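Subject: Structure handover

Hi,

Here is the structure for you to work with. My notes on it follow below.

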Amino acid sequence: MDGVGRFREVLPMLVDPVAFAGLVDGAAGGCRVPSRGMERHRDAMRSCGVASDAHVRPVFAMKAFTTPKKDGRTSRLVLDARPLNDAMYGPPSMDLPNIRDFINEVKRHRFAMQCDGVSYFYQFPIHASISRYFGIGMKGCDMLLHVLCMGWSWAPCIAQRASNVLVRDLGLAWVDNFLVLGGSLDEAQRNVAVFRERTQAARVEVRAEGGGALWEVCSRFVCVGVEFDLAAETQRHRLDPSWAERWVDGSGMTAVLSGRATARQFAEVFGGAVWATDILAIPRCHFAALLSFAGRLGGRMVGAAAHSWDEVIDVPPSTRRELGALRKTVHGFVGGTAEDSGSVLWTDASSWAWAALLEAEGRLVDGRQGVFAGPDAGAHINLKEMWALAEGVVRLCWAPGAQRCRVDNAAVVGAVAKGSSSSYAANRLLSRTIRAADRRKIVLCPGWVPSGEQQADPYTRGASLPRFPAPLSASR
């Protein structure tokens, strides 16, 4: 289904009262949770058309609150829509691009125009008959929302799918951030003209991002926490230095590393850790303790009272060690990415043999190969591929820093990236690999390659290893 079809799939949630009601549990409703301090925003919400006084009883009258935006001057309206969300079927996929795919697609181009939707959710009107499901509990008189609002589980999906339609065949969208791309200046400008026509036809208001001029095409910009330089030949993207500095040296990080922090501070630091590892392509297999603690804390906070987020928690030493290591890694890779650094380890396995090659500065400098015997000979190919990777890391990789690993088995790449496998035997091999990497301060950066490009492949099928000019491991 194309982008237009994907948007039409969720459009009835805004304009078709029957379709909307069909997804809501008919026995639900009737709840009323008053909002605190929202009365002072009543006139502002009326005047801008966001909400109006309720002249009928809302099906749900929910709590609303405001949070400051990053500009420090304006606020964002958030609806605590858990009663409505719990009474509805969950939304389909947002169709939000994977951040690595997003980065790689941007880097295929030379020019871009960036803008974002002005109060984007407010540009999606809700049918009057549907508004009664979106009540705001208020002192005196409840209000009904007339636009999309943060907090409703379907809102991000609707916004993203609409954005995908606006930039279809022209660029990329990240919710309300639009990036129109072009391989040449002329192509970028043509695409911008088409995008401009689409926004005008759809009555979508956009503004320039980062203080630039609207509709201006450039090669260097910051988008979704990534700084791009499309005119450069190497290191065409990096983590946004200003964001990295705030995360690395912020008060939340200081508190967490001290071992005593609020749940809110830990959640903010952990969210930054997830984002940094995604952008820098650092597998989370190196942060098992951090992930485990975050999972336990998250389970405890589900449904907790708001004040619970400000209670002080003890952060375990193992979690602090891993977070401190990631903090140093972000310091080191802020000028590039893990994938742009380090040597390349090529590993492969066939039904009867394995091979591992180490490439540095464009040439093969060391290698190992072997055959599977005994019980190992009958193992699944995924385990043999994991064995080849483990042998390659243990025997060939010694230099601290990023280590790119190229494997033509997607299951192995995925297991290393997330740090676990559904197979007990694979987990044992993975643990051996990660322990060796951690001891040598190596950051594993796995990547999949087609079998035809796998340099280790011939040496799993009978070919002998070449004579290496400088076998690095010979002296170890």
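In the three-stranded sheet, V226 sits opposite L239 of strand 13. Please keep in mind that this is a predicted model.

**The three-stranded sheet**

The sheet is open and has the strand order 11-12-13. Its pairing is antiparallel. Strand 11 (220-223) and strand 13 (237-239) are the edges, each pairing on one side only. On average, neighbouring strands are turned by 20° against each other, with direction ignored. Strand 12 covers residues 226-229. Three bridges link strand 12 to strand 13 in the antiparallel sense.

Helix 6, residues 99-107, packs on this sheet. Helix 6 touches strand 11, strand 12 and strand 13. The direction of helix 6 makes about 20° with that of strand 12.

**The five-stranded sheet**

There is also an open sheet of five strands, in the order 18-17-16-19-20. Here the pairing is mixed. The edges are strand 18 (363-371) and strand 20 (442-448), and each of them pairs on one side only. Neighbouring strands in this sheet are turned by 20° against each other on average, direction ignored.

Strand 16 (residues 343-349) and strand 19 (residues 401-407) run parallel. Four bridges join strand 16 to strand 19. If you want a residue pair to look at, L345 stands opposite C405 of strand 19.

Helix 15, residues 410-418, lies across strand 19 and strand 20. Helix 15 runs at about 150° to strand 20.

**Helix 10 against helix 11**

Helix 10 spans residues 251-258, and helix 11 spans residues 263-280. They pack at an angle of about 110°. Their axes are 9 Å apart. Angles of 65 to 115 degrees count as roughly perpendicular, and helix 10 and helix 11 are therefore roughly perpendicular to each other.

Which residues of helix 10 and helix 11 make the contact? Helix 10 brings S251, G252, M253, A255 and V256. Helix 11 brings Q265, F266 and V269. The residues of this contact divide into five nonpolar and three polar, with no charged residue.

**The cavity**

The structure holds one cavity of 30 Å³ or more. The largest cavity contains about 50 Å³ of space. Its lining consists of F270, A273, V274, T277, R284, F287, L290, L291 and L326. Helix 11 gives the most to this lining, with four residues. Helix 11 and helix 12 (288-301) each supply at least two residues. By class, the lining of the largest cavity has seven nonpolar residues, one polar and one charged.

**The second largest pocket**

How much space lies in the second largest pocket? About 610 Å³. The pocket is lined by 18 residues. Nearest its centre lie K63, F65, D80, R82 and A306.

Three elements each supply at least two residues of the lining of the second largest pocket: strand 3 (64-68), strand 4 (75-79) and helix 5 (82-87). The largest share comes from strand 3, with three residues. The lining of the second largest pocket divides into ten nonpolar residues, three polar and five charged.

**In short**

For the pocket, start from K63, F65, D80, R82 and A306, which lie nearest the centre. For the cavity, start from helix 11, which gives the most to the lining. Helix 11 also packs against helix 10. The two sheets to look at are the antiparallel one, 11-12-13, and the mixed one, 18-17-16-19-20.

Best wishes

Technical notes
Residues numbered from 1 in each chain as written. Predicted model: local features only at pLDDT ≥ 70, side-chain atom pairs only at ≥ 80, totals over all residues. Heavy atoms only, no water. Pairing = 2+ DSSP bridges. Axes fitted to C-alpha atoms, helices over the stretch in contact; angles between N-to-C directions. Contact = heavy atoms within 4.5 Å. 1 Å grid on protein atoms, 1.4 Å probe; cavity = no way out; pocket = protein on both sides within 12 Å on 5 of 7 lines; lining within 4 Å. Points joined across faces, edges and corners; volume = space filled by probe spheres on them. Nonpolar A, V, L, I, M, F, W, Y, C, P; charged D, E, K, R; others polar. Parallel < 35°, antiparallel > 145°, perpendicular 65-115°, else oblique.
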